[in-house]
Amino acid sequence: MAAPTLRRVGGRRAAGLCGLLSRRIHHQPQRAPAAKRLLAAQCERGLFQEVFPAQGAEEGLPALLEPGRPPQAVYCGFDATADSLHVGHLLTVMGLLHFQRAGHNVIALVGGATARLGDPSGRTKEREPLPEELARAHALGLREGLRRLFENHRLLFWPAAGGARLGEVMLQDNAWWLGREPVVGFLCGVGRRLRMGTLLSRQSCQARLRSAEGMSLAEFLYPALQAYDFLHLHRHHGCRIQLGGADQMGNIMSGYELVTKVTGEDVFGITVPLITSTTGDKLGKSAGNAVWLNRDRTSPFELYQFFVRQPDSTVERYLKLFTFLPLPEIEHMMEMHAKEPEKWGPQKRLAAEVTKLVHGKEGLESAKRCTKALYYSNVEALEAMSDQELQELFREAPFAELMLEPGMSVLDLCHKANAIPDGPSGYRKITDGGVSINYIQVTNPETVLVIGQHILKNGVSLLRIGKKNFYIIKWLQL
């Protein structure tokens with residue numbers, strides 16, 4: 001068995017959580033404390049990576065989480081730099097949900113105040129200043145997205161968990177207290193307990209200080225504000241565990257140092273992995289490749305397709321990270337996939353589980369309808385789609401509302417939709433087979449439109465010119 005990994009973070013050590021826990025659990029799983037089995041289960045899934053401080057992995061943290069003790073409070077922060085969560089946030093949400101499923105209380109903290117400064121971690125230049133009103137609107141959108149995720153989990157995933165206690169969830173915004181904190185009071189309280197040398201030693205700080213642009217005081221103080229969040233939540237809600245992405249270890253360590261110096265109590269930090277693209281780039285807004293968890297930005301169909309398209313090299317890992325499926329079931333699924341790879345069974349199950357968590361049952365059904373309509377030319381699925389689904393599926397397609405006139409022909413429709421040019425070239429586009437309505441090719445320009453064939457029951461026609469140019473026609477007063 002490999003030795004546990006340790007890495008130094010600001011004078012203290014962070015430990016590879018799995019290595020430290022597995023030494024005892026691997027040999028005597030039944031005798032291992034339940035809290036260690038809880039943590040080790042997430043290690044086995046690959047969800048929990050490192051713990052801070054190192055000694056907390058083997059003794060302090062499991063003791064804190066042991067059954068029989070009061071439920072603990074665990075928090076994770078989400079800066080309001082956008083009005084929606086994205087796939088990159090999902091693993092920290094999953095971490096909170098796993099703690100909640102173990103009976104512990106979770107706090108999802110929206111950074112309405114810290115978003116205005118911008119976290120320098122992993123950035124090569126400073127963020128554009130975020131106006132207060134925009135930050136407030138973003139925070140509202142994040143809280144709504146988080147509320148929807150926790151509610152979908154409670155309604156759709158928890159009933160199958162055997163009726164055990166589901167921990168409470170609380171949504172907070174650090175603008176509620178940082179906005180009222182006097183600067184002098186903050187510096188005298190927090191500023192005196194955080195050491196400059198430690199803050200300057202952070203990798204994110206070092207990289208920015210060496211850059212041509214340098215680092216502003218606002219960015220430099222970001223870890224202090226995040227540390228104060230931990231202290232505030234500890235004081236008011238008894239929070240002793242912070243969860244964050246792997247790039248947040250430095251900020252988590254600042255929180256640990258502040259809380260322990262002020263209160264003398266043991267607190268802990270746990271990191272989860274970062275999700276990257278197939279090219280190794282971090283998924284997120286800053287990287288410009290975000291897959292959003294808000295329907296207005298990324299439809300249920302697009303989210304579903306993002307996970308359906310995952311290659312075999314990542315799908316098993318993602319099933320462990322993004323779903324609550326038991327590991328033996330995932331293993332069996334992968335064995336079946338090896339025999340029938342053409343069915344894409346693991347990818348479809350992954351996509352279904354994530355889409356249901358994010359968008360609920362209706363969102364999953366919508367994604368499946370859109371998939372059938374687009375990739376299987378399924379007219380029944382097309383006929384069952386709402387106007388919203390059609391516009392989500394064909395985002396770039398022009399949307400036209402027309403009145404059906406007596407004797408209206410295919411040629412008339414194409415002209416009214418501005419889909420073909422006037423004159424002989426447009427006429428030939430139809431006769432040459434370049435036009436289809438509801439996936440049925442039409443070659444006679446004079447064909448009269450028929451309700452039930454060219455116009456579906458939902459009052460819609462999907463006009464396609466060539467292979468990729470779609471037009472959505474909504475018929476009025478049928």
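Author: A residue is called buried when its relative accessible area is under 20%, exposed when that area is over 50%, and partly exposed in between (1.4 Å probe, protein chains only). The model discussed here is predicted: local features need pLDDT of at least 70, side-chain atom pairs count only at pLDDT 80 or more, and totals for chains, interfaces and linings use all residues. Residues are numbered from 1 along each chain as its sequence is written, and side-chain values use heavy atoms, with hydrogens and water left out.

Reader: How many helices and strands does the secondary structure of the protein chain come to?
Author: Helices (H or I, at least four residues) and strands (E, at least two) are DSSP runs, numbered from the N terminus. Counted in this way, the protein chain has 20 helices and 13 strands.

Reader: What percentage of contacts in the protein chain between residues at least 6 apart in sequence join residues at least 24 apart?
Author: A contact means heavy atoms within 4.5 Å. Of the 478 residues in the chain, 51% are buried. Among contacts between residues at least 6 apart in sequence, the share that joins residues at least 24 apart is 73%.

Reader: Which residues of helix 14 are buried?
Author: Helix 14 spans residues 312–322. Seen down the helix axis, the buried residues fall within an arc of 165 degrees, so they line one face of the helix; the arc is that of the directions from the axis to the C-beta atoms. These buried residues are Thr-314, Val-315, Tyr-318, Leu-319, Leu-321 and Phe-322.

Reader: Are helix 14 and helix 15 roughly parallel or antiparallel to each other?
Author: Axes are lines fitted to C-alpha atoms, for helices over the stretch in contact, and angles run from 0 to 180 degrees between N-to-C directions. The axes of helix 14 and helix 15 (residues 327–339) come within 10 Å and cross at roughly 160 degrees. Angles under 35 degrees count as roughly parallel, over 145 as roughly antiparallel, 65 to 115 as roughly perpendicular and the rest as oblique. The two helices are therefore roughly antiparallel.

Reader: Which residues in helix 15 do Asp-312, Val-315, Glu-316, Leu-319 and Lys-320 in helix 14 meet?
Author: The crossing of helix 14 and helix 15 is right-handed; a crossing is right-handed if the near helix is turned clockwise from the far one by less than a right angle, and left-handed if anticlockwise. On the side of helix 15, the residues in contact are Leu-327, Ile-330, Met-333, Met-334 and His-337.

Reader: Is the crossing of helix 14 and helix 16 left-handed or right-handed?
Author: Helix 16 covers residues 345–375, and its axis is 10 Å from that of helix 14, at an angle of about 35 degrees. The crossing of this pair is left-handed.

Reader: By class, how many nonpolar, polar and charged residues has the contact of helix 14 with helix 16?
Author: Asp-312, Val-315, Tyr-318, Leu-319 and Phe-322 of helix 14 meet Pro-346, Gln-347, Leu-350 and Val-354 of helix 16. Ala, Val, Leu, Ile, Met, Phe, Trp, Tyr, Cys and Pro count as nonpolar, Asp, Glu, Lys and Arg as charged, and the others, Gly among them, as polar. The contact thus divides into 7 nonpolar, 1 polar and 1 charged.

Reader: At what angle do helix 5 and helix 16 pack?
Author: Helix 5 comprises residues 132–156, and its axis is 8 Å from that of helix 16. Helix 5 is roughly perpendicular to helix 16. The packing angle is about 70 degrees.

Reader: Which peptide bond is cis?
Author: The proline concerned, Pro-53, has its place in the loop between strand 3 (50–52) and helix 3 (60–65). With omega near -5 degrees, the cis bond runs from Phe-52 to Pro-53.

Reader: Is Asn-438 buried or exposed?
Author: Asn-438 is in the loop between strand 10 (435–437) and strand 11 (440–441). Its phi is positive, about 55 degrees, although it is not a glycine. A relative accessible area of 1% means that Asn-438 is buried.

Reader: Leaving aside its neighbours within four places in sequence, with which residues is Leu-194 in contact?
Author: Leu-194 lies in the loop between helix 7 (183–191) and helix 8 (196–200). With a relative accessible area of 8%, Leu-194 is buried. Its contacts outside those neighbours are Leu-199, Ala-224, Ala-227, Ser-254 and Leu-258.
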